[in-house]
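These are my notebook entries on a structure I went through element by element. I wrote down each item in the order in which I looked it up.

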Amino acid sequence: MEFRTRDGVAKVINGVTYHVDAGETLAVLGESGSGKSVTAQTVMGILDTPPGFVTGGQVRFHGKDMLTMSDEERRRIRGEGIAMIFQDALSALNPVFTVGFQIAEQFRVRRGMGRAEAKKRAIEMLDQVKIPNAKSRFSQYPHQFSGGMRQRAMIAMSLALDPEVLIADEPTTALDVTVQAQIMDLLAELQRERQMGLILITHDLGVVADVADRIAVMYAGRIVEEADVYELYAKPAHPYTIGLLESIPRLDEKGQELRTIKGLPPNLMNIPPGCPFNPRCPMAQPVCREKIPPLLQVAPGRASACHFAEELVSRD
Amino acid sequence: MTENILEIRDLVKHYPVTRGVVFKKTIGQVKAVDGVSFELKAGETLGLVGESGCGKSTLARVLMNLEKPTAGSVVYKGQDISRLTGAALRRLRRQIQLVMQDPYTSLNPRMTVGDLIGEPFEIHPEVAPKGSRQGKVKELLDLVGLNPEHINRYPHQFSGGQRQRIGIARALALRPEIIVCDEPVSALDVSIQAQVMNLLEKLQNEFGLSYVFIAHDLSVVRHLSDRVAVMYLGKIVEIGTEDEIYERPTHPYTQALLSAVPVPDPTLRSSKAIIRLTGDVPSPISPPSGCRFRTRCWKAQDVCAEQVPALEIRDGSDHPSACHFAEKREIVATHEA
């Protein structure tokens with residue numbers, strides 16, 4: 001996936017492969033500009049072309065490649081197969097329609113229901129996401145909702161057509177911690193009930209530790225490490241993951257100086273040759289500047305894109 | 001270390017809510033800060049935490065004298081700064097500086113970095129005579145870890161973390177004693193956030209600065225602060241040393257807040273009990289009577305609706321807490337345990 005802009009071509013995603021199973025939570029972890037959101041938007045097919053061009057690869061849903069199917073087929077998957085929720089609920093909801101209308105619209109358009117029945121179903125959805133007084137909330141506008149309530153309304157909307165996979169792009173980043181806890185609980189509960197696959201895109205290592213089954217860590221448009229959540233935190237197998245885990249201040253420890261990752265993430269129009277992390281990596285060797293390390297399996301169920309991954313895994 | 005450099009006494013800031021254009025009527029008050037007292041000692045970092053809308057940023061604006069308080073006082077070395085005007089105010093401004101949250105909007109895009117950092121010298125020429133300014137700016141750039149040769153670049157040529165460093169350099173230019181940091185790292189990525197936090201600590205050690213550190217991220221606040229004040233709806237609900245607040249919190253709100261912070265360790269998943277708060281923060285226009293937290297509190301009794309709990313040390317606790325039923329509770333699962 002690349003963006004062709006006036007200033008040059010930004011290679012935003014450079015060969016990303018991941019999968020999610022029914023009922024599983026995959027966390028895609030990365031900093032801004034790592035390509036985690038763009039990957040999700042490519043899956044949904046909601047990127048504008050131009051400037052965005054998919055230059056290779058497949059997105060398979062139940063074995064069928066979504067990138068080659070017709071718009072009509074793809075539209076059918078959106079909402080019913082895969083749905084998405086966004087970070088900023090205020091800009092994701094349409095401000096000139098009531099929240100209820102926006103949820104009911106899906107039942108009317110996609111399920112052919114009448115006005116009254118769609119309304120009934122929409123109120124049920126609002127109830128399911130635990131919005132109090134769902135009946136009176138139905139006819140309110142997004143600006144009358146608080147931040148947490150808006151996020152709930154968006155979850156109700158995305159789940160209306162019973163999708164098999166939900167992509168949540170930083171769903172709690174804009175919320176306060178107490179509300180964040182409420183929303184993450186709600187998502188976990190709904191996922192359990194519906195046996196839905198959940199792709200959670202986030203930069204928050206704390207949230208990930210709480211809910212994920214598997215984690216894919218992204219850096220400069222690549223997956224640099226993929227592992228089961230317990231193994232990743234116990235023994236990260238990529239220097240970037242190690243750096244990330246060391247640089248977060250922790251609530252349960254009062255440390256001295258924080259370890260940092262030196263330097264800045266690379267400019268995506270000019271990714272360094274070899275391993276994209278090599279200029280910031282404390283372990284970098286000449287080989288890292290020459291060869292791009294492929295994402296290889298280093299132990300059952302875990303993979304790392306580092307020339308020295310084996311050493312990292314076997315150390316104590 | 002024991003001298004109080006800043007004392008805040010019963011600070012109140014209300015904003016009127018008006019209706020009508022020609023015949024403006026005040027129909028209510030947003031009680032953004034409603035009776036806040038604390039002191040800042042020389043060389044210490046006071047962390048100020050709370051959720052959005054609790055009045056942290058308003059408090060910062062009043063401390064900086066960008067807003068006049070409705071009542072109460074901000075005393076810097078025996079002088080009430082909220083009453084100062086003219087030259088006396090200008091002299092004082094040298095001593096208290098602000099680092100803002102958003103490094104994207106707080107820097108003028110049309111000014112070069114040199115102009116941005118050198119601007120304080122225009123207003124306070126006594127700090128750096130004209131000829132020496134360029135050198136001073138380069139020194140400051142070097143101090144905050146930026147390349148002094150980038151003095152003629154514009155803000156858009158820097159990344160978020162670097163811009164925050166520019167903001168810090170600008171705050172340092174006049175060699176202040178106090179820096180008010182309003183969410184200085186919340187817009188930054190984790191790896192960059194750690195760099196900026198280390199820089200703030202380094203500068204504090206080097207210049208003996210006092211920080212008022214405002215943030216909503218409790219882990220960040222714990223890392224940097226000596227003492228911590230927790231705010232809820234315009235009031236401080238609990239204040240104490242970093243240890244007292246994080247290891248022995250006694251106010252239900254502090255306990256709920258701490259329990260909700262996700263800890264980056266999946267093995268603690270099952271051992272962690274999150275206290276679920278229901279609902280949202282009430283409107284500061286008409287806060288609940290008595291204790292403001294009572295509408296979301298699991299301990300609330302009749303007395304909570306009738307009496308405002310004072311911020312004081314109660315039996316069985318070692319630091320002030322504004323709860324009628326303050327008691328210790330283990331919240332943060334430490335690794336030693």
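**Entry 1: a proline in a helix of chain B**

I began with Pro120(B), which I found in helix H3 of chain B, a helix that spans residues 113-123. The model I am reading is a predicted one, and I keep that in mind for every entry below. Is Pro120(B) buried or exposed? I noted a relative accessible area of 11% for Pro120(B), and because the cut-off for buried is under 20%, I entered the residue as buried. Leaving aside residues up to four places away in sequence, I listed Arg170(B), Ala173(B) and Leu174(B) as the residues that Pro120(B) touches. I also looked up the separation of Pro120(B) from Thr58(B), which is 62 residues apart from it along the chain, and noted 23 Å between their C-alpha atoms.

**Entry 2: a glutamine with neighbours in both chains**

I turned next to Gln195(B), which lies in helix H6 of chain B, running over residues 190-207. Gln195(B) has a relative accessible area of 13% and is therefore buried. Which residues does Gln195(B) touch, not counting residues up to four places away in sequence? I listed Thr260(A), Ile261(A), Lys262(A) and Gly263(A) from chain A, together with Arg165(B) from chain B.

**Entry 3: the interface of chain A and chain B**

I then looked up the contact as a whole, to which chain A gives 45 residues and chain B gives 47 residues. The area buried between the two chains came out at about 3,900 Å², with 55% of it given by carbon and sulfur atoms. The rule for salt bridges finds zero across this interface, whereas the rule for polar contact finds seven residue pairs, with both residues at pLDDT 80 or more. On the side of chain A that touches chain B, the elements that give two or more residues are helix H8 (177-194), helix H9 (205-211) and helix H10 (229-234) of chain A. I divided the residues of that side by type and recorded 21 nonpolar, 12 polar and 12 charged.

**Entry 4: an enclosed helix of chain B**

I checked helix H9 of chain B, residues 252-260, and found nine of its nine residues buried, so I noted this helix as largely enclosed by the rest of the structure. Among these buried residues are Tyr253(B), Gln255(B), Leu257(B) and Leu258(B). What do the buried residues of H9(B) pack against? I recorded H8 of chain A, and from chain B helix H7 (218-224), strand E9 (227-232), strand E10 (235-241) and helix H8 (242-247).

**Entry 5: strands of chain B**

Strand E3 of chain B, residues 45-49, is mostly covered, with five of its five residues buried. Thr45(B), Gly47(B) and Val49(B) point one way from E3(B), while Leu46(B) and Leu48(B) point the other way. E3(B) runs parallel to strand E8 of chain B (residues 210-215), joined to it by five bridges, and in E8(B) I found Tyr211(B) opposite Thr45(B). E3(B) also pairs in the parallel sense with E9(B), over four bridges, and there Val49(B) has Val230(B) as its bridge partner.

I closed with an open sheet of four strands in chain B, ordered E2-E1-E4-E5 with antiparallel pairing. Its edge strands are E2 (25-41) and E5 (79-80) of chain B, each of which pairs on one side only. Strand E1 of chain B, residues 4-19, pairs with E2(B) over 13 bridges in the antiparallel sense, and I noted Leu40(B) in E2(B) as the bridge partner of Leu6(B).

How values were computed: Residues numbered from 1 in each chain as written. Chains lettered and ligands numbered in written order. Predicted model: local features only at pLDDT ≥ 70, side-chain atom pairs only at ≥ 80, totals over all residues. Heavy atoms only, no water. Buried < 20%, exposed > 50% of the residue type's maximum accessible area, 1.4 Å probe, protein only. Contact = heavy atoms within 4.5 Å. Buried area = accessible area lost by both parts, 1.4 Å probe. Salt bridge = Lys/Arg side-chain N within 4 Å of Asp/Glu carboxyl O. Polar contact = N/O pair within 3.5 Å; in protein donor to acceptor, adjacent residues only side chain to side chain. Nonpolar A, V, L, I, M, F, W, Y, C, P; charged D, E, K, R; others polar. Pairing = 2+ DSSP bridges.
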